[in-house]
Amino acid sequence: MSFLRDTMLVFRRQERLALRQPAWVIIGLMQPILYLALFGPLLKGLPGSSLGGGGNAYRFFVPGLLIQLALFGSTFVGFAIISDWRAGVIERFRVTPVSRLAIMAGRVLRDVITLVVQAAILVVVGVAFGLRAPLPAVLIGFVFIMFVAIGLASVSYATGLIVKSEDAFAPLINTVVVPLLLLSGIFLPLTLGPGWLQGIARISPFRYIIDAMREAYLGHYFNTIMVEGIAVAVGMAVLFLWLGSRVFRQENA
Amino acid sequence: MAIIEARGLARTFKSRKRTVEAVRGVDLTVGDGEIVGFLGPNGAGKTTTLRMLTTLLRPTAGTATVAGADLLTNPLRVREKIGYVPQAIGETMGGTDPNCLVIEELLDQAALYRITGSEARQRADLLIGQLELAGLERRLVKTLSGGQRRRLEIALGLVHRPPLVFLDEPTTGLDPQSRSNLWEHISRLRSDLGTTVFLTTHYLEEADALCDRVFIIDHGVIAAEGTPDELKRRISGDVVTLRVTGEEAAARKLLGDQAVVREITAADGTLKLTVEHGEQALPALLRVLDAADITLESINLSRPTLDDVFLTLTGRSLRDDSPASHPAAEAKE
């Protein structure tokens, strides 16, 4: 199928470019590792019951950091498409017979793989700090963040291609991502907050995904929290992928 | 046989309830193997037309056949058959990634056209030789000079040996030496490979030196088309400038009576004559003056330039309107 072949072609090109500057993979990891090292110990001091981590603060904290990594890593990929567009690369590809959707899909694939590598490193560092979680839970967590990355990266590329300006793109993304992050209970459980905050937090899709990942880390794989998390993760990925593909498949861009 | 045939190609943009007619109905016929130039001031619809012909922008009206395929119903087939080299100035650049190696760009481009393996290598090597990129294969694109990078971009447009190639401002921003070097490459495209070349340019000497035919677009319609010589002849005749000693009035009367002279002005001993076919008219004019014993100090014959043509047709000089000074205007198209 030519779409898959085209996607692989774009993927290999982007992967090659990413490996030319591997520093970015490390820089992307710095923030969550700093949180793990400098914020994690604070959580350890809280009474175990308030975190719901079953006595292990990192079982609560690491899923949150994984989502944070996915959220920041994926929403900012649109930056790169702006410079690609400016270099004329996007236009050059669009005039060839290559699938226009593959121009996006190949990049998203690269981002998802980069994210999984970063996530694996983060989990290993987490274990070093004291994280103890079942292996299936860790793998389920990876699947969750892959869905998050597919959706967010697609929509980020589409946004970058529409906005076409780094100066507008960065504040736009921050305005959307930071509230979503705060409303997802990444650093502290939302159950600590007042009722109104818990109410508002229901609008953040990531909140459901984090809750499901935390359930998995506790070894609970079959319950409504998990079903909600899966539904939100898959639904969001499909919706955002569709939105992104619309922009890339447009006749005019 | 026509390789481009466009009828009533039009494009309107809607922005904030305002409708802008960027291109209002362009008719174009380009024959197989021609080198044609597409000239126009910024905002005239040049880039919009080019983007429509290369499947980057869907026309709002009109039809076109490009390289044997219907632009509207079969854009994919058009893409397979054309090469496109984007302009390298203004908001977007010419299509190469600064962090790629030269050889990677060539092989990737080949792969985009489903050319892989040894065939791709062979074609890349051939283009490296043809476009004087030898020794640069393992260099990052960002380390190339302007001329080298432009040659690479043109090489990318040729990897799949398209019968038709679109060059958007191929030499803008290059030094004169790189420019004339690129002109050689472009004219060799046709002589060696029979490629049809459709180029836009801001340099009238470029159109003059390279193009068999020129289209001038203004306000979204084709204002004129023809060979550079035809266009020049149509607009104004040749200008003969003569300096005589003393007998200006007599000379003016004598020359003004000649049938070939369409217009004559005189001031300070200098006579300016507009004539058809200046080089043929000149001997007769000299004989007339000689017979009347009028002494000639100097004589000059100048042919109209494409810039004169452009000025007459559009009321604007192409030279004042360099793309670098209005990048936004072009990009909005």
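A residue counts as buried if 20 or more other C-beta atoms lie within 10 Å of its own, exposed if 12 or fewer do, and partly exposed in between, with C-beta atoms placed from the backbone. By that rule, 42% of the 333 residues of chain B count as buried.

The structure above is a predicted model, in which local features need pLDDT of at least 70 and side-chain atom pairs count only at pLDDT 80 or more, while totals for chains, interfaces and linings use all residues. Residues are numbered from 1 along each chain as its sequence is written, and chains are lettered from A and ligands numbered from 1 in the order in which they are written.

**Chain B as a whole**

Let us begin with the outline of chain B. Its C-alpha atoms fill a box of roughly 80 × 50 × 40 Å along the principal axes. The chain has 12 helices and 14 strands; helices (H or I, at least four residues) and strands (E, at least two) are DSSP runs, numbered from the N terminus. Chain B is divided into domain 1 (2-232 + 310-332) and domain 2 (237-303), with bounds that come from an automatic or database domain assignment. The C-alpha centres of these two domains of chain B lie 44 Å apart.

Two residues are in contact if their C-beta atoms, placed from the backbone, lie within 7 Å. Among contacts in chain B between residues at least 6 apart in sequence, 69% join residues at least 24 apart.

**Strands of chain B**

Strands of a sheet pair through backbone hydrogen bonds, either parallel or antiparallel. Here two strands pair if DSSP finds at least two bridges between them. Three pairs from chain B are set out below.

| Strands | Bridges and sense | Facing residues |
|---|---|---|
| β4(B) (61-66) and β5(B) | 2 bridges, antiparallel | B:T65 and B:D70 |
| β6(B) and β7(B) (164-168) | 4 bridges, parallel | B:I82 and B:L164 |
| β11(B) (238-244) and β14(B) | 6 bridges, antiparallel | B:R243 and B:S298 |

One open sheet of chain B has 4 strands in the order β2-β1-β4-β5, with antiparallel pairing. Its edge strands are β2 (18-31) and β5 (69-70) of chain B, each pairing on one side only.

Are the residues of β6(B) buried or exposed? In this strand (residues 82-85), B:I82 and B:Y84 point one way, B:G83 and B:V85 point the other way, and all are buried. For strand β14 of chain B (residues 296-302), the number of buried residues is 0 out of 7, so this strand lies largely in the open.

**The nonpolar cores**

A nonpolar core is a set of buried Ala, Val, Leu, Ile, Met, Phe, Trp, Tyr and Cys residues joined through C-beta atoms within 7 Å. The largest one has 142 residues, and A:L66, A:I67, A:V148, A:I209 and B:A155 touch the most other members. Helix α9 of chain A (residues 135-163) supplies the largest share of this core, 15 residues. Another core lies apart from it, with 11 residues, including B:V240, B:L255, B:A281 and B:L285.

Take A:I209 as an example. Leaving aside neighbours within four places in sequence, A:I209 is in contact with A:I67, A:F144, A:V148, A:G229, A:V232 and A:A233.

**Helices of chain A**

In α9(A), 21 of the 29 residues are buried, so this helix is largely enclosed by the rest of the structure. The expected span of a helix is 1.5 Å times one less than its number of residues. For α9(A) this gives 42 Å, and the end C-alpha atoms are 41 Å apart, which agrees. After α9(A) comes A:K164, with a positive phi near 60°.

Helix α12 of chain A (residues 205-217) has 13 of its 13 residues buried, so the rest of the structure largely encloses this helix too. Its span should be 18 Å, and its end C-alpha atoms are 19 Å apart, which agrees. Just after α12(A), A:G219 takes a positive phi of about 90°.

In helix α10 of chain A (residues 166-182) we find A:V178, which is exposed, with 12 other C-beta atoms within 10 Å. The C-alpha atoms of A:V178 and A:Q68 are separated by 10.0 Å, though these residues are 110 apart along the chain.

**Where the chains meet**

Finally, 19 residues of chain A are in contact with 24 residues of chain B. On the chain A side, α1 (2-20), α6 (78-86) and α7 (89-94) each supply at least two residues, and α7(A) gives the most, with 5 residues.
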